[in-house]
Amino acid sequence: MPVAHEREGAFLFPDKPVTLIGPELKVGDPAPDFRLVANDLSEVSLADSKGKIRIISVVPSLDTGVCDAQTRRFNEEASKLGDHVMVLTVSADLPFAQKRWCGAAGVDRVMTLSDHRTMGFGDAYGTHIKEYRLESRAVFVVDSSDKIVYVQYVPAAGEHPNYEAALEAAKAAK
């Protein structure tokens, strides 16, 4: 089996440099397909939302402060974006924990998806933290033809993404 691309020191978690597995995707790259687990244990792929614009918000764990705030912010913004835009939040949290968190937080416009089974999303999108089997913080905007139109790999777990830039990219995407 081939060794996945590793980017040593690419993310600080929390203050320690860690290794991210997978490529560093760029604007213009085709968005890799994925198989993630929804809160009802069904599988969700990129193809399931074909034709829509997707904001993919990646977080280490919904049970931490910045991840909580990031997911709540995108949930608030989702209602302003229209039905042609979907917001997906990806973490390695178990689907049961994601469902519990959404209920407690009142998050109902963001689809939370778990990469806990295989970390295949993290490996394809370059967000898999090797040392902890978690996701790093990142935001991807994928247009309706499955091309990446915005990417931000946030350099440290305690930092917020650039919400405005991601939202503007989603609004401009076709």
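**Briefing: overall fold and the setting of Asp93**

The accessible surface of the protein chain amounts to about 8,000 Å², and 54% of this area belongs to carbon and sulfur atoms. The structure is a predicted model, and the points below take up the chain as a whole before turning to Asp93, a residue in the loop between strand S6 (85-91) and helix H2 (95-105).

**The chain as a whole**

- The protein chain contains four helices and eleven strands. Its radius of gyration is 15 Å, close to the 16 Å that the globule rule gives for 174 residues, so the chain is as compact as a globular protein of that length.
- Measured out along its principal axes, the C-alpha trace of the protein chain spans about 40 × 35 × 30 Å.
- Of the 174 residues in the protein chain, 51% count as buried.
- When contacts between residues at least 6 apart in sequence are considered, 64% of them join residues that are at least 24 apart.

**Asp93 and its surroundings**

- Asp93 is buried yet takes part in no salt bridge, and the nearest side chain of opposite charge, that of Arg100, is 7.1 Å away; this distance is beyond the 4 Å within which a side-chain nitrogen of Arg and a carboxyl oxygen of Asp would count as a salt bridge.
- The side chain of Asp93 does make a polar contact, at 2.9 Å, with the side chain of Ser91.
- Once neighbours within four places in sequence are set aside, the residues in contact with Asp93 are Pro60, Ser61, Leu62, Gln98, Ser114 and His116.

Terms used. Residues are numbered from 1 along each chain as its sequence is written. This is a predicted model: local features need pLDDT of at least 70, side-chain atom pairs count only at pLDDT 80 or more; totals for chains, interfaces and linings use all residues. Side-chain values use heavy atoms; hydrogens and water are left out. Helices (H or I, at least four residues) and strands (E, at least two) are DSSP runs, numbered from the N terminus. Buried means under 20% relative accessible area, exposed over 50%, partly exposed in between (1.4 Å probe, protein chains only). Lys and Arg count as positive and Asp and Glu as negative; His and the chain ends are not counted. A polar contact is a pair of N or O atoms within 3.5 Å; within protein, one must be able to donate a hydrogen and the other to accept it, and residues adjacent in sequence count only if both atoms are side-chain atoms. Contact means heavy atoms within 4.5 Å. The radius of gyration is taken over C-alpha atoms; the globule rule is 2.2 Å times the number of residues to the power 0.38. Accessible areas come from the Shrake-Rupley method with a 1.4 Å probe; for residues, only the protein chains shown count as cover.
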